[in-house]
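Morning, everyone. I'd like to take a few minutes to walk through a structure with you, so have a look at the screen.

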Amino acid sequence: MESFIKKIHKSHQECSDCPSPKLIQQYFEDLLGLLFPEYSVQKIREEEDVKSRLENLQAQLSNILTRNIHLHSGDGEKLAKRFIVDLEKVFDWINQDVDAMFAGDPAAKSRTEILRSYPGFYAIAAYRIAHLLLQLGIKLIPRMITEFAHSRTGIDIHPGATIGQYFCIDHGTGVVIGETTVIGNHVKIYQGVTLGALSVEKADADIKRHPTIEDNVVIYAGATILGGKTTIGKSSIIGGNVWLTKSVLPGSKVYYQTQMHHEEGTVTDVYVFKNDIDELSH
């Protein structure tokens, strides 16, 4: 027992002085409740109260960053102020994402339904706030925010990914978007989609490992798209359960077609690629 006690004590002594996950979770939820009254426990009645809440959130972040200088290379107070100033753009973009979800989901009866109940809204909001923090040079905290959203929604978006405007995730469970993924505007993805990396060495961690998805692309459930050199051209449609490690031209339709066969037959599964000028089956 004594050796066990020593091991635990040593782990506590060697643990870096980082903010607890609970503290960061509460900060994110307080921020989300301020930005979106549908997510808040109580609506704000006076404009001055909005200002006061923003100042309080700025002060909280400043305190976190000042106490954890190893998580950034700047001035904690200035970084917190910059975050609050830049938050307006993030707020506008999240509202555009909600617009995209409402337009793209026939089952959505209102924006309020999306804000109060859709996991896609929660995960994308967490990503956009975390991405802003990451852009300011703040380490670890962005990942804590997106991993909290991941545990709650089943949607895993790395804060380092670059995602354009009007982004829609429908259903969402099992979605994975890797660190160096680049996604354009008006992209819609369904549950179980993976935008991932081909196996690489740890030494190659800083290279682009994840795919690029251009504007107006739809990716259906269960599709897997891998590799930093893989680009899905604009206005393409990727069907369910498709596995891609090579680029697709703009305007393409790619789907996976299963076929019934028996032991004596030679028929195999088929991938079909279509675009405006030709059709090729593999």
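Let me start with a term I'll need. When I say salt bridge, I mean a side-chain nitrogen of Lys or Arg within 4 Å of a carboxyl oxygen of Asp or Glu. With that rule, the count here is 6 salt bridges. And please keep in mind that we're looking at a predicted model.

Okay, the overall picture. The protein chain has 282 residues, and buried ones make up 41% of them. It contains 7 helices and 16 strands. If you lay the C-alpha trace along its principal axes, you get a span of about 65 × 55 × 35 Å. Take the contacts between residues at least 6 apart in sequence: 42% of those join residues at least 24 apart.

Now, how is the chain divided up? There's domain 1, running 14–154, and domain 2, running 161–254. Their C-alpha centres are 24 Å apart. Each side puts residues into the contact: 16 from domain 1 and 16 from domain 2.

What sits at that interface? The buried area between domain 1 and domain 2 comes to about 1300 Å², with carbon and sulfur atoms giving 51% of it. For polar contacts, we get 9 residue pairs across the interface of domain 1 and domain 2. For salt bridges across that interface, the number is 0. On the domain 1 side, α4 and α6 each supply at least two of the residues that touch domain 2. Of the elements on that side, α4 gives the most, with 7 residues.

Keep α4 and α6 in mind, and let's go inside. The largest nonpolar core has 70 residues, and the ones touching the most other members are F83, F121, I177 and I219. Several elements each supply at least two residues of this core, including α2 (21–35), α3 (47–67), α4 (76–104), α6 (119–135) and β3 (168–169). Which element gives the most to this core? That's α6, with 11 residues. And both domains take part, since this core draws at least three residues from each of domain 1 and domain 2.

Let's zoom in on F83 for a second. Leave out its neighbours within four places in sequence, and F83 is in contact with Y27, L31, L61, I129, L132, L133 and L136.

Right, back to those salt bridges. I'll show you three, and I'd like you to compare where they sit.

First up, R82 and D86. Their side chains meet at 2.8 Å, N to O. Both residues are in helix α4, 4 residues apart, so that's about one turn of the helix. Are they buried, exposed or something in between? R82 counts as partly exposed because its relative accessibility is 41%. D86 also counts as partly exposed, because it comes in at 23%, and the cut-off for buried is under 20%.

Next, E147 and R143, another side-chain salt bridge, this one at 3.2 Å, N to O. These two are separated by about one helical turn because they're 4 residues apart in helix α7. With 28% relative accessibility, E147 counts as partly exposed. R143 is partly exposed too, with a relative accessible area of 37%.

And then there's R128 with D97, where the closest N and O atoms are 2.6 Å apart. This pair links distant parts of the chain: R128 is in helix α6 and D97 is in helix α4, with their positions 31 residues apart in sequence. Buried or exposed? R128 is buried, and D97 is buried as well.

One last stop, over at T230. You'll find T230 in the loop between β10 (224–226) and β11 (231–232). Loop or not, T230 counts as buried because its relative accessibility is 2%. What does T230 touch, if you don't count residues up to four places away in sequence? The list is P211, T212, I225, T245, K246 and S247.

So, to pull it together: α6 is the top contributor to the largest core, α4 is the top contributor to the domain 1 side that touches domain 2, and the R128–D97 salt bridge links those two helices. That's what I wanted to show you. Over to you for questions.

Methods
Residues numbered from 1 in each chain as written. Predicted model: local features only at pLDDT ≥ 70, side-chain atom pairs only at ≥ 80, totals over all residues. Heavy atoms only, no water. Core = buried A, V, L, I, M, F, W, Y, C linked by side-chain atoms within 4.5 Å. Buried < 20%, exposed > 50% of the residue type's maximum accessible area, 1.4 Å probe, protein only. Domains from an automatic or database assignment. Contact = heavy atoms within 4.5 Å. Buried area = accessible area lost by both parts, 1.4 Å probe. Polar contact = N/O pair within 3.5 Å; in protein donor to acceptor, adjacent residues only side chain to side chain.
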